[in-house]
Amino acid sequence: MAASRPATSPSAPSPGTATILDVAALAGVSRTTVSRVLNHPDLVPADTIARVEGAIDELGFRPSSRARGLRTGRFDTIALLVGDASQPFQSAVAKAVARAAEARGLNVLLCDLDHSEERLITFLRQLPRQGVDGIVISTGDDVSRSRAGAVIAETRAGGTPIVISGRLPEDDLFGVGVDFTSIADAATTRLIENGSRRPILLIGDADTYVGARWAAGYRAAVERAGLDAVVLQTQYSDATSTQLVLRELSASTPADGIIAGTVPLALSAVRAAHHCRRLVPDDLAIIACEQVGLAELVTPAVSTIGVTAEASGEALVEHLSQLIAGRNPPHATLPYVLSERQTTRHPAEGETR
């Protein structure tokens, strides 16, 4: 005859706060039996499983994912480290990573680096101890240099897979490739083909991983056309961006094209043109080297070229999932998309390169 379940006491825990001991007491079994039901139900009689599952439902018991991870080696959680969560593209990548992870049954822990190497190092040292299966790093900063690169290597050697966005095969890092050099080259070439004779590059910092490659692609395009190169660095300050573009628009030979690293920088150029009573795109053509939804929502709608956040997020999670599973996926370089809108002279259908 099966043992009857004891009645719930007045001091029973509220739903969501119960422990494994509470479940064991309500089901009239030992803690070890509850653990077996959760982890090895094939070793437990059906009637015992039914009593334990009934107690779990009644108490709203939630097994600790961390405890389960310590037993199984899997936490079903990945960490996403973004360079600056306030940037439209980074926030779009975060959403795309979350969607791709959810489709694979994974949770995402979001961490904002705020462009700090010290924060990156701290996260890399803490996250494996807190219980994550892998880490995605999405930032324009060069994380392979200095101390951060060494800590990334140490973290990987310790058994935590890491995927870094935007890295090409020659960078010797596990990553999902974005050819920022070619993107800036194509953006600059497009403006030159449309008649620009003084295109300038507007970026946050030419010393970052992405900034250096944008600058290289831009310089290659203007040199082929026999034009002068002008690189404006703003540290992603809206006020600084606007002032620098105002200065270039007031020069004796004013700028007639802006290749902006980000959509917010492109909007600063639009604002400066409006202040100088310059028409966009007739007097000043503008294109941004990233694909974000914000570009379509402003007036004038900003022309963009780059990898979509959706493609980046899906590829990063897929690559990391393969590493977590013990496989070594081939390096993939993502295609970029050109979307011409109202800030360039000849709008056309979006095309993939």
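In this predicted model, the largest pocket encloses about 810 Å³ of space. Its lining comprises 43 residues, and those that lie nearest the centre of the pocket are H115, T139, G140, D141 and V210. When the lining is divided by class, 19 residues are polar, 15 are nonpolar and nine are charged. Several elements contribute to this lining, with at least two residues each coming from helix 5 (88-103), helix 6 (117-130), helix 7 (146-157), strand 4, helix 8 and helix 9. Of these, helix 9 gives the most, supplying four residues to the lining of the largest pocket.

Helix 9 was therefore examined for its length, where the 16 residues from 209 to 224 should span 22 Å at 1.5 Å a residue, a value with which the distance of 23 Å between the end C-alpha atoms agrees. Buried positions in helix 9 are Y209, V210, G211, W214, A215, G217, Y218, A221 and V222; V210 is also one of the residues nearest the centre of the largest pocket. The buried residues of helix 9 pack against one helix, helix 8 (180-193), and against strand 4 (162-166), strand 6 (199-203), strand 7 (231-233) and strand 8 (257-260). Just after helix 9, a positive phi of about 70 degrees is found at G226.

Helix 7, which supplies at least two residues to the pocket lining, also contains G149. With a relative accessible area of 17%, G149 is classed as buried, because this value falls under the 20% cut-off. Leaving aside residues up to four places away in sequence, G149 touches V143 and S144. The C-alpha atom of G149 is separated by 9.9 Å from that of E117, although the two residues are 32 residues apart along the chain.

A further buried position is T344, which is placed in the loop between strand 12 (337-339) and strand 13 (351-352) and has a relative accessible area of 1%. The side chain of T344 takes part in polar contacts with two other side chains, that of S303 at 2.7 Å and that of E340 at 3.0 Å. When residues up to four places away in sequence are not counted, the residues touched by T344 are L191, N194, P281, I286, I287 and S303, so that S303 appears both among these neighbours and as a polar partner of the T344 side chain.

Terms used
Residues numbered from 1 in each chain as written. Predicted model: local features only at pLDDT ≥ 70, side-chain atom pairs only at ≥ 80, totals over all residues. Heavy atoms only, no water. Expected span 1.5 Å × (residues − 1). Buried < 20%, exposed > 50% of the residue type's maximum accessible area, 1.4 Å probe, protein only. Contact = heavy atoms within 4.5 Å. 1 Å grid on protein atoms, 1.4 Å probe; cavity = no way out; pocket = protein on both sides within 12 Å on 5 of 7 lines; lining within 4 Å. Points joined across faces, edges and corners; volume = space filled by probe spheres on them. Nonpolar A, V, L, I, M, F, W, Y, C, P; charged D, E, K, R; others polar. Polar contact = N/O pair within 3.5 Å; in protein donor to acceptor, adjacent residues only side chain to side chain.
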